[in-house]
Amino acid sequence: MARYLMYLRKSRMDTDYEEVSVEETLSRHRQILEKFCKDKKLNVVEVLEEVVSGESLAARPQMMRLLELVSTGSYAGVVCMDIERLSRGSSMESGYIMQVFQTNCCKIITPGKTYDLQNESDEQFTDMKFMFSRYELKTINKRLVRGRNQSASEGKFMGSMAPYGYRAYKLPGVKGNSLCIEPEEAKVVQMIFDMYGQQGMGYNAIAYALNDMRIPARKGAWSQTSVANILTNEVYLGKIRWRREPVKRVIKDGMLAKKRIQNDDYELYDGLHEPIITEEQWERVKAAQIQRNHTSNHTERQLKNPFAGVLFCEKCGGIMKRYIPHAKKNPTPWYRCTTRNCDCKMVKCEVAETEIRHAMQEWLEEYRIRIEAGQPSAIDPIDTALETVRGQLASLQLQQENICEYLEKGIYTVEMFTKRSNALSKEIKQLQSSEADLLRQRGEGNQKRQAAAEIIPTTQHILDSYSMLSTEEKNRLWKLVMKKATVYRTPEGEMTIHIYPNLPK
Ligand SMILES: [Zn+2]
């Protein structure tokens, strides 16, 4: 039988209306919820009452406990008075709370609404989707991850696919998996470490060499990335790498998407498995990576330009590329027109970014007013045209009936009838095709209106949470709300910026 939890918390709002004690409020809420659960036949196994009225997570011990329980994945839902009781606090914390519920398939049940965070098409989900995307979690409370860390700290293998050189197997007698060496592959791992650490070959050269030797890779052919992944994985030293935050939510095309991120914030534990390489081999590779500036192959591939594919030179239409002129002396990035001989001067990235954000904010305010003003569109010209066309059609159809009558009564000769009937049919056909045209236009108009309305919350979201977004998210969102932006800086140093919001024509 599905198990449920009940969470009671007095919110500050309650006292605004009535003078009642914390205990009274909680017991009243408890009564309401108990009756609700009885009616709905929800099996509540534990009730958590928060008497501290703190807003932050740390000041809410029962909420902390609730999250720990939900993290076990053994509860179908949490019953509470309203979603506010759970999500009060900073948007970062509420985002985190929602994430715990979502990843553990735990519903939030209130007398008014049930929130199923698994169901992305659920309309309730949209209420919260911006809240999710806002979260950028820097600090996870250790208590919450301890349980999941347990297996990793015992040296078990936590992944779903064994790294190259190993095969995963189920540990006998206990829960969990470990790794055993795959001898043929292990030899290749050894070779890769020597190629890089001793022979001074780069990632690419190694990949070429391996493909040349026809050594099979796990998937497809060897690549720079697969080689780099091996050369940076501590698993070959006999360690277990445990990522604290392996999945991140990002917005893709206006929708939330989950994405595995490569973060460097992980913990290392001694594994139960045998190492393939020695400490010495590892250290030699590390030293070579530092020399080659390959310390982190991940950051290398990370997007650094939030306007990639968005920002162009206003004068020549060329791409404005992010570029650091004196990387060693000064790490300030600039945008530079990539066209030869174009006289557009370089623009500091920071300046361009700030200006575009300002321009977007101004545009948004104007646009919002325009949309709101135009909302109750009194007379739609397409509707009016449709009405006229349909009126004319009806009258022609009536005429056609009449001429049939004329023919029957002998007023029209067959010849007269045929002539008139053909003319009428032609006119009717023309009108019918205009009608179809108008209907199509009306459909497109509706689509456009919808697209126009959607750009407002998306743009607002970027502007509100800009500092919390990753560069990739910024880029994805800019591409969503802007066709392009252009910049030009005259030889005298004067700068102009234009934005082209992504509105249907
Ligand atoms: Zn240019």
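**Figure 1. Buried residues across the whole chain.** In this predicted model, buried residues account for 40% of the 505 residues in the protein chain. Along the chain you can find 16 helices and 17 strands. The protein chain exposes about 28,800 Å², and carbon and sulfur atoms supply 51% of that area. Now think about contacts between residues at least 6 apart in sequence: 63% of them join residues at least 24 apart.

**Figure 2. The two faces of helix α9.** Let's zoom in on α9, which runs over residues 203-212. Which of its residues are buried? They are Tyr203, Ile206, Ala207, Ala209 and Leu210. These residues lie on the same side of α9 because they cover an arc of only 165° around the axis. On the face turned away from that buried side, look for the exposed residues Tyr208 and Asp212. After α9 comes Arg214, whose phi is positive, near 55°.

**Figure 3. Helix α8 packing with helix α10.** Two numbers help you read this view: packed helices are described by the angle between their axes and the distance between the axes. Here α8 (residues 183-197) and α10 (residues 224-231) pack at an angle of about 95°, and their axes are 10 Å apart. The angle therefore makes α8 roughly perpendicular to α10.

**Figure 4. Side by side at the contact of α8 with α10.** Which residues of α8 meet α10? Val189, Ile192, Phe193 and Tyr196 do, and their partners in α10 are Val227, Ile230 and Leu231. Sorted by class, this contact of α8 with α10 has seven nonpolar residues, with no polar and no charged ones.

Note on methods: Residues numbered from 1 in each chain as written. Predicted model: local features only at pLDDT ≥ 70, side-chain atom pairs only at ≥ 80, totals over all residues. Heavy atoms only, no water. Buried < 20%, exposed > 50% of the residue type's maximum accessible area, 1.4 Å probe, protein only. Helix = DSSP H or I, 4+ residues; strand = E, 2+ residues; numbered from the N terminus. Arc of directions from axis to C-beta. Axes fitted to C-alpha atoms, helices over the stretch in contact; angles between N-to-C directions. Parallel < 35°, antiparallel > 145°, perpendicular 65-115°, else oblique. Contact = heavy atoms within 4.5 Å. Nonpolar A, V, L, I, M, F, W, Y, C, P; charged D, E, K, R; others polar. Areas by Shrake-Rupley, 256 points an atom, 1.4 Å probe, with all protein chains shown as cover.
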